[in-house]
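Visitor: I should like to take a close look at one part of this protein, namely the way its helices pack. Could you please guide me through it with care?

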Amino acid sequence: MNARSNTPTPHDVIKVVKIGGNIVDNPEALASFITDFAAMPGRKILIHGGGKEATRLSQRLEIPTTMIDGRRVTSRETLDVVTMVYAGLINKRIVSMLQAAGCNALGLSGADGNAIRASRRPASPIDYGYVGDISTSGVNIPLIDSLLKAGTVPVYCAITHDGHGSLLNCNADSVAAAVAIACSRIAPTDLIYCFEQPGVMEDIDRPDSLIASLTPSSYAELKATGAVNKGMIPKLDNSFKAIREGVAHVIIKHAANLLNSTGTILSE
């Protein structure tokens, strides 16, 4: 905090930024985002999705891909694939790009340093397979604190572990929310979801239909009309959960707008 004020300065705030799979899949968009993220001042953490590479590898290996409400059903074979792609190829690619941009980063799965522990989701009413759910207590806050104090940027993929020797696949939006909630225990925290749209749209086909702000009640109305569906639902569910549990600000925006205020701001 500023010694003369209780108002946090930009360097006091922890920014948790999540990038979506469509950014990860686009080399030019990813390179531009990495440049902006590296230039963003203050303490920061990056969480990334998996993109379509896991699906492509699954197809090559003739392993079927099943999605329900924007979430991947993870069989034992699929868990092997997403671990290789998310915790390996994509995570290390992003870390190497950050290093090239002058941002000292450390790539982590949930198992590394006991970074994120999850529990396997119950098989009822839908069996998602080896999919994990994270509680705030499952995030290793001392590890985050020590890395940030050392000037290191943690880069998390969505692979976690259960503490009993099994890996679990988690939704990357859920990982971002859990990490942001954990960070809010040690400092004011902003959660920023970056993907390929300007923010939450009333009509995905109308670029001028950006919703500048969203509350739980207006979100419920958008879900009821079908304007918000599929992968946006877990993103918004996690966003409002983060606000309820102490995250200072949540904004959903286009990755190209990381360094400006454009996007959808969520509030209670």
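Guide: What follows is an account of the helix packing, with some neighbouring details added at the end. Please keep in mind that this is a predicted model.

In general, two packed helices are described by the angle between their axes and the distance between the axes. A suitable place to begin is helix H4, which spans residues 76-100. Helix H3, made of residues 53-60, has an axis that comes within 9 Å of the axis of H4, and the two cross at roughly 135 degrees. Angles over 145 degrees would count as roughly antiparallel, and H3 and H4 are therefore oblique to each other. Their crossing is right-handed. On the H3 side, the residues in contact are Glu-53, Ala-54, Leu-57 and Ser-58. On the H4 side, they meet Val-81, Val-82, Met-84, Val-85, Tyr-86, Leu-89, Ile-90 and Arg-93. Sorted by class, this contact has nine nonpolar residues, one polar residue and two charged residues.

H4 also packs with helix H2, which covers residues 27-39. The axes of H2 and H4 come within 9 Å and cross at roughly 55 degrees. H2 and H4 are therefore oblique to each other, and this crossing is right-handed. From H2, the contact is made by Leu-30, Ala-31, Ile-34 and Phe-37, and from H4 by Ile-94, Met-97 and Leu-98. The class count for this contact is seven nonpolar residues, with no polar and no charged ones.

A further pair is formed by helix H7, residues 216-225, and helix H8, residues 232-244. Their axes come within 12 Å and cross at roughly 165 degrees. Such an angle makes H7 roughly antiparallel to H8. The crossing of H7 and H8 is left-handed. H7 contributes Pro-216, Tyr-219 and Lys-223 to the contact, and H8 contributes Ile-233, Leu-236, Asp-237 and Phe-240. In this contact there are five nonpolar residues, no polar residues and two charged residues.

Two details of the backbone may be added here. Most residues other than glycine have a negative phi, and most peptide bonds are trans. Glu-62 has a phi near 60 degrees, a positive value in a residue other than glycine. This residue lies in the loop between H3 and strand E3, residues 66-68. As for the peptide bonds, the one from Ser-124 to Pro-125 is cis, and its omega is near 5 degrees. Pro-125 is found in the loop between strand E6 (116-120) and strand E7 (132-139).

Finally, one may turn from the helices to a pocket. The second largest pocket holds about 250 Å³ of space. It is lined by 13 residues, and the closest to its centre are Asp-190, Ile-192, Ile-251, Lys-253 and Asn-260. Strand E11 (189-195) and strand E13 (249-254) each supply at least two residues of this lining. The largest share, four residues, comes from E13. By class, the lining of the second largest pocket has seven nonpolar, three polar and three charged residues.

Conventions
Residues numbered from 1 in each chain as written. Predicted model: local features only at pLDDT ≥ 70, side-chain atom pairs only at ≥ 80, totals over all residues. Heavy atoms only, no water. 1 Å grid on protein atoms, 1.4 Å probe; cavity = no way out; pocket = protein on both sides within 12 Å on 5 of 7 lines; lining within 4 Å. Points joined across faces, edges and corners; volume = space filled by probe spheres on them. Nonpolar A, V, L, I, M, F, W, Y, C, P; charged D, E, K, R; others polar. Axes fitted to C-alpha atoms, helices over the stretch in contact; angles between N-to-C directions. Parallel < 35°, antiparallel > 145°, perpendicular 65-115°, else oblique. Left-handed = near helix turned anticlockwise from the far one by under 90°. Contact = heavy atoms within 4.5 Å.
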